[in-house]
Amino acid sequence: MTQPLIDVDTTFTLDNMGRYVCNTLDEAIASTALLVGGKQRPFDAVVVGGGSFGSVVAAGLFLRDPTRSRRILVLEQGPFILPEHVQNTPFMGGEPGMRAPWVVRPGSDLGYQQGPQSGAGLLYAIGGRSLTWGGWSPELLHDEPPGADEGVVPGANDEMNGWPPGVVADLQNQYFYDAGEQIGVTASNDFIYGPLHQALRQLLYDGIGGAGGTGTFATLSLQALRNHSAVRVFRRRTGNAPTDADLLEMLKLQLPAGAAVPARADLLNILKLEAPLAVQSVAEPGLFPVNKFSAIPLLVRVARLAASEAAGVGAEADARKRLMIVPKCQVLELITEAQADNWVRVTGVRVRDSAGNERVVPLAPPTPGGRQSVAVIALGTIESARLALTTFQASLAAPRAAARIGKNLMAHLRSNLTIRIPRDSIAAQLANLPAARALQVSALFLKGKAQINGVDRYFHLQITASGLSKFGNDSEAELFKKIPSIEHMNDLLQADDTHVVITLRGIGEMAPMNPDSFVDLAKTPSDWENGRPRAFVDIGDARQPAGGSAQTGADRLLWGAMDRFTDEVAVIFTNGEPFEILLQSGRTIPVPAGAAPADLAALHPHQDRRDRLGTTHHEAGTLWMSDNPAVGVTNEFGRIHDTTNCYVAGPAVNPTSGSPNPMLTGVALGRRTVTLLADQVLPRPPVFAPVAPWTALFDGTARTFNTDWARTSPNDSNSFGLIDGDIVTFGSGDFGLLYYRRQAFSDFTLRLEFRIFDLMSHNSGVLVRFRDPALDPTQATLQRMQAAGDAGRFNVNRAWSAVHSGFEVQIDDRADLRKHRTGSIYNIPAGDGVEPDLQNYDPGPNLIPGRWYQYEIDVRGNGYSVELTDLETKVVKQTANFANQDVTRGVRLTDSGDPAGYIGLQSYNSAPVAFRRIQIQP
């Protein structure tokens, strides 16, 4: 058997995190062959891709598992490189290589290049693109009913036209909120505020005409936009609308002495200009907190929890892990089988390991109750389409999903304009504000719309500004931590104490269903890899002045409208003063006072500002969702039509792209799919609900297991796990104790079920009426320990207190003495002919591995009785009856008045024993 890897000691560090966050493929496959709780545990969910959205899905499935009944495998082609976002913990030695493993049309304007180090494409690593993204997280625009949002006048705005109505409703009612909370955009900017930000925000608000909008182009008024998420979350949390004072706090608005508070409508609309950035804590003005959202901490957290639950390292602990992450493992295709109704079910995953070997990871089979395992494709949009085409091109051939897979490819249109204005240009706005002592930055957001060929099309501006009261000695390091987008650093470094640098980045949507834009499989064998075709990608080239489909032409018109609008907004910030346009080459273009928007376009043509298509890394749409199987590729939860268990996570399922970065929407959709999978699809046992007057002490869920019960063990090798709704013992050496810590009981009847898995190696028991092991033993207990030869054991294992302060109902069919056998009160003389009998003991049915038995233990006054039932044959036998004469052991209260009626389970040096349905009645 492959031995577990040890920590790797490099020149500077011990690679501890990578070792204990990740597993090898050999370890993952081997873990499915070992028995845990008497059965093998194949993977119930295989997540293909450990990037942004695969991490969200895997973490969600792990955490939303009340009975701890599923195993999750994350397969990622790249390595584990960072535990955080690059702006939180910089790479320091350069980023990992961006790869574009697909083929593009010769002469295409796509920003992808073929080759392992292309400088574009996907970031192959655990965490994926979320390690380096800018953090901008606006919601897709969709009007709510009149009156649903304070002060908002619906204006038939819709970036989700063509989305399933149920998806739109769920996103707006719940999942945009949940995703925003998770990635940190539900608050107003808590690190970008101060005089510069306030001045530029007010300048922009006044320049666009307040809530009414501005310009000759059909743009959106602020009044038509949903309120800022901070406003909506406030109402959601408190049930009340925020007061004016609350709005002022959200805006960090510093008013001059004696100034009137702006009207409430203005406060609400000014707040809509705040940049929706994924940052999760408060910092000083301009200081970027060291917790910019990335998905990798989600995986790190659940990987650590999985390791903690497994309690140990090595093969047996791996088999107990509920989640395993395997990096450097490429998924080649999904393995499928046809069903009787001609649907297709995924049965496994074929992968290529780091050594180049092809292996198969099987999925768990369906359960009798109709639940089943799942495969979740969570790669980038292009690679997700390739994997789906490779897998389903034959089994889901036309007119089914394979006929549409890869169509509807969308990205974003993107332009950049950077200007440098004299600080005097905004002197009037700054005059009445407090002086700035720290680096001042500003991040603003403005939504736009243009009607193209009779259709509303959307874009937005991401506006970033920086200015200094004076330079420090390390301005580059300062800015690196403080700007909201790493890509703007070079421009913002040119800010000084007399100027402000402003970058206006326009992001525009692309038209859906463009025949010029698609993903297919490469046809030429020279374009294959690992014996399989790579993806062939093309996209409508709207950067060219002419040509292409009607959709490509419409994109070209939208791009022009967005760039003209950008010029209008830039002129607002210049306040009629002279300024400079900054070019990427380092050259500057002086612009005279009084310049109009058309002057900017003449001096710096729009074509020169436009990024190549695909460089946003915002691809979407190739596996779009629809309620109609004849129209879309996936259903409203991302399940590929006509498959029973293959789901897609990420922007590949978006029917339209809108203008927002797809991160927020992808996280929201991923969380929505997790809810479905966890609650309705993946296997899990029912939660135990006893009938009155019985009360559950353990109902099969983590809530009762982790909250109501406590471990007392010398180390993690003697422990208990919650597996498939059962408490399962494991360990070696000294024994461990799991006890119900919420309360002690006086007189009671305890009922529980148990089973063994190995007739020759099992040893456990149920302990009753013992003293809280967290307390020091009483003198009487210490004397009993001394007499039994257990003196000093309490110092290394507090579980020994329970043994000698209470009584154990034994589970052990191997014992030679009757007083040590199943159903006896342990070590109380029971007719072995050596000492006088103190309990009446009559053996019950022989235990059969794998079969469930029930104990009913009655404790009243000083009387103890045990009843053992074979739940398969229904044979019931009273095995023990005992009258306790020791007034210091097995009592309700100790001499000092401490409660002593605790209940617990024993883990010992033996094969596992499982427990379930633990209930009690007075």
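The following paragraphs describe the cores, one helix, several strand pairings and the cysteines of a predicted model.

The largest nonpolar core is a convenient place to begin. This core holds 175 residues, and L334, I502 and F573 touch the most other members. Helix α15, spanning residues 550-574, supplies the largest share of the core, with 11 residues. In soluble globular proteins, nonpolar side chains tend to be buried together. A separate second core comprises 39 residues, among them F698, L738, Y864 and F882.

Helix α15 deserves a closer look. Its 25 residues extend 37 Å from the first C-alpha to the last, close to the 36 Å expected at 1.5 Å a residue. The helix is mostly covered, with 20 of the 25 residues buried. Within the stretch assigned to α15 (residues 550-574) lies F573, and this residue makes contacts with L200, L203, L204, I421, S425, I426, L444, I463, I502 and L504, leaving aside residues up to four places away in sequence. Two of the names met above thus recur together: F573 touches I502, and both are among the residues that touch the most other members of the largest core. After α15 comes N575, which has a positive phi near 60°.

The strands may be taken next, starting with β10, which covers residues 323-326. The side chains of L323 and I325 point one way from this strand, those of M324 and V326 point the other way, and all are buried. Strand β6, residues 72-75, pairs with β10 in the parallel sense over four bridges. In this pairing, L73 has M324 of β10 as its bridge partner.

Further along the chain, an open sheet is formed by three strands in the order β11-β12-β13, with antiparallel pairing. Its edge strands are β11 (330-338) and β13 (358-362), each of which pairs on one side only. On average, and with direction ignored, neighbouring strands of the sheet are turned by 30° against each other. The pairing of β11 with β12 (residues 344-352) is antiparallel and runs over eight bridges, and E333 stands opposite R350 of β12. Helix α11, residues 381-392, packs on this sheet and touches β11 and β12, its direction making about 40° with that of β11.

A hairpin provides another antiparallel arrangement. Strand β28 (residues 719-723) is mostly covered, five of its five residues being buried. From this strand S719, G721 and I723 point one way, whereas F720 and L722 point the other way. Strand β29, residues 726-730, pairs with β28 in the antiparallel sense over five bridges, and T729 in β29 stands opposite F720. Two residues lie between β28 and β29 in the hairpin, and D724 in the turn has a positive phi of about 55°.

The cysteines remain to be considered. A disulfide is a covalent bond between the sulfur atoms of two cysteines. With a cut-off of 2.5 Å between cysteine sulfur atoms, the count comes to zero disulfides. Burial can nevertheless be stated for individual cysteines, the threshold being under 20% relative accessible area. C22 counts as buried because its relative accessibility is 5%. C646 likewise counts as buried, because its relative accessibility is 0%.

How values were computed: Residues are numbered from 1 along each chain as its sequence is written. This is a predicted model: local features need pLDDT of at least 70, side-chain atom pairs count only at pLDDT 80 or more; totals for chains, interfaces and linings use all residues. Side-chain values use heavy atoms; hydrogens and water are left out. A nonpolar core is a set of buried Ala, Val, Leu, Ile, Met, Phe, Trp, Tyr and Cys residues joined through side-chain atoms within 4.5 Å. Buried means under 20% relative accessible area, exposed over 50%, partly exposed in between (1.4 Å probe, protein chains only). Contact means heavy atoms within 4.5 Å. The expected span of a helix is 1.5 Å times one less than its number of residues. Two strands pair if DSSP finds at least two bridges between them. Axes are lines fitted to C-alpha atoms, for helices over the stretch in contact, and angles run from 0 to 180 degrees between N-to-C directions.
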